[in-house]
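Subject: The structure we talked about

Hello,

Here is the structure I promised to pass on to you. Please open it beside this message, and then read on for what turned up in it.

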Amino acid sequence: MEHCRFEFNQGARIRSVKSDDRNRSFDSHTSKASSLQQDDDRFPSYVQLYKSMIVKCVECSHLLPRMRDIFDDQGERRKIENKSKCDGPEAGMEMFLENLGRKVNHPDRWYRFVGALKDADFMYVAKALEKQDIIDKEIYTTQRRLIDVFACELYKKLKPSEIIVDLFSKKVLNKEMLEAVKLEEQNKGELSATIVLIDNIWKCNENWYSLFLEVLCKHEYKDLVMEIDPSFLEVSEMKNQEGYENSSDFLEITENGTLEAAESVTNISENFPEESLDEECINELLREIAESLKEPPLSERKPVEDDGSLPLKDDFKMLKLTTDSSLESKERIYLDHSDDEEESVNPKEELKLRSYQMELARPSLEGKNSIIVAPTGSGKTHVALCIIKHHMETIKSIRHPKVIFLVEQSALAEQQGKQCMTYLPFKVKVITGESQRNERMKSLNEWIARRDLLVVTAQILLNALRDGIVSVTDFSLMVFDECHHTNDNHSYNMIMNRYLDLKLQDRERAKTLPMVLGLTASVGVGRATMIVEAKRHIEKIMANMDAESIATVIENTTELEKYVIIPKQKLCIVEKRENENFGDKLKQLMDDIENYIKNSEYLEQVRKPETVLKPPLEKGSDQYTQWVSMLWRETAKINNKVVVRFFETCRKYLDLYNKALIIYEDARPSDALAYIFKEFKKWKHTVKADDTERKMRRMFDEIKSILEYCSNGNPKLTTLRHIIGEHFRENPGARVIVFVKTRELAKAIETYMNETKELSILKPKQFVGVQANRESGGMTKVQQDETLELFKDGNHKVIIATSVAEEGLDILKCSLVVRYDHVTNEIAMVQSRGRGRSENSIYVVLASENSKTLKREEGNRIREAMMNRAIYKVRAELSTDEEAVLRRVREIQQAEKVTRDVAIKNRKVAQANLGAFEITCNSCQNMICMSTDIKKIQNNHHAALNEDILENVQVNCAKPYYEDDLISCGAGKVHCKNCGDSLGNVSVYKKAQFCILKCEKLKMIDKDGNSDSRTKWKKAPFTVPPLTQDDFERRIQGKKYV
């Protein structure tokens, strides 16, 4: 063997390996056979030989349409498709092969099978089955492992749309794969599309690896190729200069699974004589790699489902065989998407704590359940990492350590995950709703078996606990980021309720409960007005977290002040508008609608009309929003379709104008008017107009022209423009966050800034939550991530955010935070103020002189001071009479446990007594379905399964607003067939179509005729069970809606 160099470096840099023998073989096969004949009886043995490769590379959905005459039974095709969708593509392909083997009345079935493979561009597999090309299964395994190793670099840099056409032309992708990548990029962005690309790139073409790198070079991704395979880049450039041919043969794989250089590059190693190794050393390395790639016997495999990813031995541990010290690799963070086990992971940076951070960590290092309360920017995450590291090292003599780090949002999960990977020598996995949808391995319990530390959004864990696939006792440490949320019905509290139920009712299992750690900048005081009440609130948070200690900085406050930036606080009072014509006209219109309701002949059918029909005097306010909601609940109880439709139509217009007034108060009249027109346009296509509807529109049309010609200014916007403009003149590289009340207002202010020359150059962008759909102004997770990255990089220097950005997000260059006439509680004040991380940061509360904002802000400062005093008193009592505090904590836990048990019992009794409910349209009481027809999909979507639903609803096609591998949401819009009101959407789950209903659009009528309406399904007076396999099979065989 000639000298060579082989190096794995920086996520799989591959140096060429040369071998004199380039003949590949499989067991005793040493020669190529002729093309397959139609009656080749030996062919099934080749199917069995390459079965593992077939089921992993090929999907039955690509073959069934091409072999429809053989699989001529529709029921059989559906069973195979259902198997693929429910149990995975590999299971579906195995059923396909088994059924094909039994079709002896088609003697040419295997010949047709290969033809279908060729037609679907699975030439790699087709050649092997024709015996034209004998393929070692090691090749398949090795190539998949290689692509997984450098996948993270591709995720970061690749734009799939630039290369997929070339990959298709080179038959690296087939048509179905090409369309799948296009669709993924269109719906969810480049990252998701890259994941789909990587999942499919190895399936069709034997030479995919070198062809892929060729295409990357062609499209100016040479830096990426340099990361992956420096030798390939060198050869590619030599080829361009000297006319090299057959570049696709550059890298091959030998019979023992090693990488082998083609003849065209046999002399590359001679250019590096000082780096050469003797043949014995190289052979030893190749044997090690080949051995590492072999699958263990079945008896030795761990009983965990393979997710399809095939990383190298010891995960991303870097192999280096070179004597050139100048080529030492830099350490890197690997965002781990693999599923293999590894002994250890080297952290990128050493974790060092300051004295005040060690003070915060002390109770937890002593093994106590603790809540850490420290200012934003003080490094609470670093404290948590220190505690995690200490816990991992000390508890392993007692039990296998397993840590879960819980966060509220996906963006925070990614942020905290990177911190863990940077500083901890453990296997880390970040799991969010988005990652679960995009990865092959879905279940949380599967990852628990494979990772030391999981960073997880709380709802993921709660769903897994509800489904019974995991228990809190599976973990040895639970960390709650922003733990002040552990209250009421928050997912944090739901998780801890399960923990406390075990503690209080199962003494044996209580011994296996995990240690608990909470992190927060502010525990708040609840509704307390006195220190005693504030202490009680803090003790309740301790009870909910099962905390024995509250850690704050007492001994090292001077050091804390040195490192923590407290933004300067400013109050900016803005004079009210000189001209209120727009607001006055809209308020007068609302008065007219209220009087129209009060003078209606239907008034007598409302229970307690003197209370229900008494709106707040202040329109365009939160109080008015609450009244409109109450009006909806009360009038929904009326059992008369005409009357309910009348009240619902009037209520709908009052709600619209109230929201428009909220926008008008903080933005421009044109923004408020645009919002009204947008809703009108939506209703035009969905609502069947009746007399009340036409009356409402006439009332608006009478003042429409006046509204359109109202003055378009707002002093608050002018002041905001001056504040931001002045800040950027002094700090050109700054970042600014403007917090606003609603999604609609965020959009309006974004529009204003982009239409204002001085601000448009800052490229302002809204940042709102993912809970609402796209039509309601929500963002997708991909859009959120892209906005944050662009904000950090300075492409967007201003973001206009709702409360979703208040907590945890760490943008070091953010030096101006503006609360735009919107203040809530003391926790939100502390959290939003903490987004200012840069030196000389400023926190501005901008408020109109006639608003309640300034009074609320002053109240929040008083409550913050009260909280600090209450924490001090609780800590002092813990140090002098710990048992008294912990006794009160236990009493709170026991009282809350009794309350939970009684509520569950009462709910079960009530549901048993009430029986089934009739579900009707809330607007007109048109029958939709029964409560027993409703089933829950993915613990989130509520679908009506009655086959006669099309008699009650009308469905129109629409463009999906969300799609992933399992579900497509919004493929159609569902409207009441009687009144045209929107009731929900059509979602396609595993190729079956479902009518997904919105709870707030429905009325629930019990057997006694009592009716009720709820805004959320979890508040419905009945339990919605999950979709079963029988339900799914009936639906997939039923009528299609779109």
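One term first: a contact here means heavy atoms within 4.5 Å. Please also keep in mind that this is a predicted model.

**How confident the prediction is**

The protein has a mean pLDDT of 77, and 78% of its residues reach 70 or more. Two stretches call for care when you look around. Residues 1-42 stay under 50 in pLDDT, and the model has 134 contacts beyond four places in sequence for them. The pLDDT is also below 50 over residues 243-344, a stretch with 219 contacts in the model beyond near neighbours in sequence.

**The nonpolar cores**

A good place to begin is the largest nonpolar core, which has 70 residues. Which of its residues touch the most other members? They are Ile593, Tyr657, Ile724, Val738 and Met753. Helix 30 gives this core its largest share, 13 residues.

Tyr657 is worth a closer look. Leaving aside residues up to four places away in sequence, Tyr657 touches Leu586, Leu589, Met590 and Ile593, as well as Ile676, Phe680, Met696 and Phe700. There is also a second, separate core of 62 residues, and Leu97, Ala128, Cys204 and Val215 are among them.

**Aromatic rings**

Searching the whole structure gives 20 aromatic pairs. One of them is Tyr596 with Phe646, a tilted pair at 5.7 Å centre to centre, with 50 degrees between the planes. This pair links distant parts of the chain: Tyr596 belongs to helix 27 (residues 581-598) and Phe646 to helix 30 (residues 641-666), 50 residues apart.

Are these two rings' residues buried or exposed? Tyr596 is partly exposed, with a relative accessible area of 29%, while Phe646 is buried, at 4%. Phe646 also pairs with Phe647, this time edge-to-face, at 5.2 Å centre to centre and 75 degrees between the planes. Both Phe646 and Phe647 are buried.

Ring pairs also link Tyr653, Tyr657, Phe677, Phe680, Trp683 and Phe700 into a cluster. So Tyr657, one of the core residues that touch the most other members, turns up in this cluster too. Phe680 has a further partner: the charged end of Arg697 sits over its ring, 3.9 Å from the centre. Elsewhere, Arg577 lies over the face of Tyr664, at 3.9 Å from the ring centre.

**An enclosed helix**

Next, please find helix 13 (residues 208-218). Ten of its eleven residues are buried, so the helix is largely enclosed by the rest of the structure. The buried residues are Trp208, Tyr209, Ser210, Leu211, Phe212, Leu213, Glu214, Val215, Leu216 and Cys217. Val215 in this list is also a member of the second core. After helix 13 comes Glu220, which has a positive phi, near 60 degrees.

**A four-stranded sheet**

Last, have a look at an open sheet of four strands, in the order 17-16-25-26, with antiparallel pairing. Which strands lie at its edges? Strand 17 (927-930) and strand 26 (1011-1012) do, each pairing on one side only. Strand 16 (residues 918-921) runs antiparallel to strand 17 and is joined to it by three bridges. In one of these, Glu918 has Met930 of strand 17 as its bridge partner.

Enjoy exploring, and do write back with any questions.

Best wishes

How values were computed. Residues numbered from 1 in each chain as written. Predicted model: local features only at pLDDT ≥ 70, side-chain atom pairs only at ≥ 80, totals over all residues. Heavy atoms only, no water. pLDDT = per-residue confidence, 0-100. Phe/Tyr/Trp six-rings, centres within 6.5 Å; stacked < 30°, edge-to-face > 60°. Helix = DSSP H or I, 4+ residues; strand = E, 2+ residues; numbered from the N terminus. Buried < 20%, exposed > 50% of the residue type's maximum accessible area, 1.4 Å probe, protein only. Lys NZ or Arg CZ within 6 Å of the ring centre and 35° of its normal. Pairing = 2+ DSSP bridges. Core = buried A, V, L, I, M, F, W, Y, C linked by side-chain atoms within 4.5 Å.
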